[in-house]
Amino acid sequence: METLISKWHRELELFCGLKPMLILEGNVLDQYRYPVPGSLGEDTLTSLPHYLHGFFRDTGYDQVVFYSNLVGFMNPYESGMTEKFAALTGSECKQSAIPAEFKGNSADTAPNIVRRAMSQQSSAVAIVMEMAGHYIISPDRMDQQDINSFNLLMQSAMSASTVRTPQGKMQNVLVLLVNKLNDLPTWLYLNNPVCKSIHLDAPDREERRRLITGPAFATFFDSTVYRTDIPYYNEHPDELERLQDKLVGLTDGMTFTDLDAMRRLSKREATPIRDLTQIVDLYKYGIKENPWRTLSLESLRTAKADFEKRIKGQDAALERTMDVVKRAVTGMNGLSSSSTAKPKGVLFFAGPTGTGKTETAKALAEKLFGDESCCIRFDMSEYGQSHSDQKLMGAPPGYVGYEAGGQLTNAVKKNPFSILLFDEIEKAHTSILDKFLQILEDGRMTDGQGNTVYFSETIIIFTSNLGIYVKDALGKRHANVTMDMDYDQVTKAVRSAIEDYFKLELGRPEILNRIGENIVVFDFIRQEAGEAILRAQVNKIVRRMEEQKSIRITVPEEAYEQLRQAALADLSNGGRGVGNQVESLLINPLSRWLFDHGVLENAQVTIDRFDTAANPPCIHCHLEEDEDHA
C-alpha cells in the first residue's frame, strides 16, 4: 500500500532542523499511525509522545525525553534514556525519572534543566513537554515566576546548540504539546523567529480510508463473522466499496482513537459486514435502534393526510415538506454533496404569521419520532446579542457558564434524533448564523467543552417572517405580499425578498446556499382554510368539555353562523388570529356563563346566539329547559 504521510508529519520533518522550538497544537491527545519504517514499525497506531520518540530517534537524535509537571523528565519508551539525560544535564535521577517543578528559583526546575540540555554540544537532544498549557492557570493570569519560567524556555530555544552526529549536524529541539495555541502566553510564539507552530487535525478522508479499506478492515469484525461474510463481498466488490465509502463519510471528524474504539466495539458486538455503518450510531449515541430505520412506510404514506387534519390550507407547503422527509427516509439526502454527515433534512419555513409553520414542525416530530417533545424549539429573538453563540453552543473554558454547556448542544446530546426548530431566525445575531454554516455543511459542532456534537440524525427547520414586509428607500416598512395575491405570487415575492436579505442586506449568500431549494412558503389563511380552522377548534372545545366535565355543548347552525362571521372577519393574523377570536367570542363568555350558573359538570348546554358586538362579547344559552343570559 502506498505510504500516506500527514501534512503535520511533513512539517515536522521540515522544521525540526530549522526551528529549535516547535509547538504542536490541536489534536494532540489522539493516537497516530507511524507512516514510515523505523523504530516503531510502519503503520503502528500509538500515542503522540510515543510517535515523537520514534520520529526523533529515527531522525538521528541521541536522546529524547518527555516532561510532565506531575512526574518530571522521563522516557517510558526506551530504558536508560532518562539516566543518560540526567548525566548530560547534571540532574538527579530517581526511579527512572528526574523530578522537576516547572516554576521556581532552583537550578533543578524544569526550565533550567531544559536550558542546560539545549545549550550543550555533546549529544543531540529532543525534549517534549507534554500538556504545556497546563503548567499555568491561564496566559492572562501569570505571576512573575510563571513569566520567568517561560522566558527561560524561550531563551533556551534562542541559544540552542548544534551537535555533530553520525547523520550530520543536528540542532537541539524543544517541543511543546498544547490543545490550543492560546493556552500559552502570546509573546512566547508570536513573532518569535525561533518558534514554529504546527497544527494537528483529526484524520482526513484519505487517512480514514486507509484504515477502513486497508488490511485493518478485517479487524473490524469477529473472525467467524468475517469468514462467513467476506466470500459474498469478494464476489461483489462494488458493494463492499460502497459500504466502505459510506463508513469513511460517516466518520468525518472522528479521531484515530475514535476509529480504533469503534473498530473494537464492532468486533465485540459481532457486527455483520452489511451492518457496519450502523456501528457509527452505536458509538456516537450509545443505541442500537435508529428511529430512522424503524419508521413505518405505511405511516409515512398517510403523513400528508394526517398533517392536513392539523394544518389547514397549506397543501403545497406540506407537499414540499414531505419531499424532504422522503429523501431522508430513503437515504437520498445529501447524495449530491461530498459530505455524508449532513443533517437528515433542512427546511426554511417562510410566510405570514399564524399560517402553521410551527405546528407543521410539531406534527412532523410526532409522525417521525412518536412524540411532539422531539421538536426542540429555540426562540431566536433570545439570541440577538453578539455573545449569544456562547448561550447556544456553550461558553469557552474560563468563562461563566462553561460547566453548563450550550442549550443547543446539550439538547442534541440528550436527544440526537429530533427536529430542531429555530423560530424567527432573522432575529439571531450573525455570529450564530456562522455556526449554522458548519452544522448544515458538516453535520457536527464542537461545543465550548471541546465535545463533538453530531446533527446528522436531526431535521433542522428555520422559520421566518422575512418577505412579508420590506423596507423602501426611506426605510419605511410596507407589505410585500397581500391576501389578494394568489399562492404563486406570494411564493415568488417571499423567496425574492429572502434572497435579497441574505445576499444584499446580510451579505451572506453562503447561508442561502446551504439551505438550497428547501425554502417552503406558507400561504395566507384564506376563507376556506379559516372556516376549517374555526370548525376544528369549536369541535375540539365541545369534545374536551364532554370528555373532561361531562358537559355536552350544542351550537345550532344559526348561532354558529354568527360566530363564524365575527371570527373570520379579519384573517390577517392567520390561524392564530382565529384562535384568539374563538377565545374571545366563545371560551371566555361560555366559562363566565358556566361559573355564574354553577354548572361545573354533568349538564347539557345549548348556545342560542352570540352577541359579538357587546363589550365584552357574550352569549345567550340555556340549560335544559331554563333560558338565561350571560
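These legends walk through close-up views of a predicted model. Local features need a pLDDT of at least 70 and side-chain atom pairs count only at pLDDT 80 or more, while totals for chains, interfaces and linings use all residues. Residues are numbered from 1 along each chain as its sequence is written, and side-chain values use heavy atoms, with hydrogens and water left out.

**View 1. Strand E1 and its two parallel partners, E10 and E9.**
Let us start with E1, residues 21-26; helices (H or I, at least four residues) and strands (E, at least two) are DSSP runs, numbered from the N terminus. In E1, 6 of 6 residues are buried, where buried means under 20% relative accessible area, exposed over 50%, and partly exposed in between (1.4 Å probe, protein chains only). Met21, Ile23 and Glu25 line one side of the strand and Leu22, Leu24 and Gly26 the other, and both faces are covered. E1 runs parallel to E10 (residues 195-200), joined to it by 6 bridges; two strands pair if DSSP finds at least two bridges between them. Look for Met21 with its bridge partner Cys195 in E10. E1 is also parallel to E9 (residues 173-178), through 5 bridges, and there Glu25 has Val178 as its bridge partner.

**View 2. Strand E4, with a parallel partner in E6 and an antiparallel one in E5.**
E4 covers residues 63-68, and 6 of its 6 residues are buried. One face carries Gln63, Val65 and Tyr67, the other Val64, Phe66 and Ser68, and all of these are buried. With E6 (residues 125-129), E4 forms 5 bridges in the parallel sense, and Phe66 can be found opposite Val128. The pairing with E5 (residues 72-74) is antiparallel and has 3 bridges, with Ser68 opposite Gly72. E4 and E5 make a hairpin, with 3 residues between the two strands.

**View 3. The hairpin of strands E21 and E22.**
Here E21 (residues 603-611) and E22 run antiparallel, joined by 6 bridges. A handy pair to pick out is Arg609 and its bridge partner in E22, His620. Between the two strands of this hairpin lie 6 residues. E22 spans residues 618-623, and 5 of its 6 residues are buried.

**View 4. Cysteines without a disulfide partner, Cys195 and Cys618.**
The structure holds 0 disulfides, a disulfide being a pair of cysteine sulfur atoms within 2.5 Å. Cys195 is in none, and the nearest cysteine sulfur, that of Cys16, is 14 Å away. Cys195 is buried, with a relative accessible area of 10%. For Cys618, the closest cysteine sulfur belongs to Cys621 and is 9.7 Å away, too far for a bond. Cys618 is buried as well, at a relative accessible area of 9%.

**View 5. Helices H4 and H5, roughly parallel.**
Two packed helices are described by the angle between their axes and the distance between the axes. The axes of H4 (residues 110-119) and H5 (residues 144-158) come within 9 Å and cross at roughly 5 degrees; axes are lines fitted to C-alpha atoms, for helices over the stretch in contact, and angles run from 0 to 180 degrees between N-to-C directions. H4 is therefore roughly parallel to H5, since angles under 35 degrees count as roughly parallel, over 145 as roughly antiparallel, 65 to 115 as roughly perpendicular and the rest as oblique. Among the residues making the contact are Val114 and Met118 of H4 and Leu152 and Leu153 of H5, contact meaning heavy atoms within 4.5 Å.
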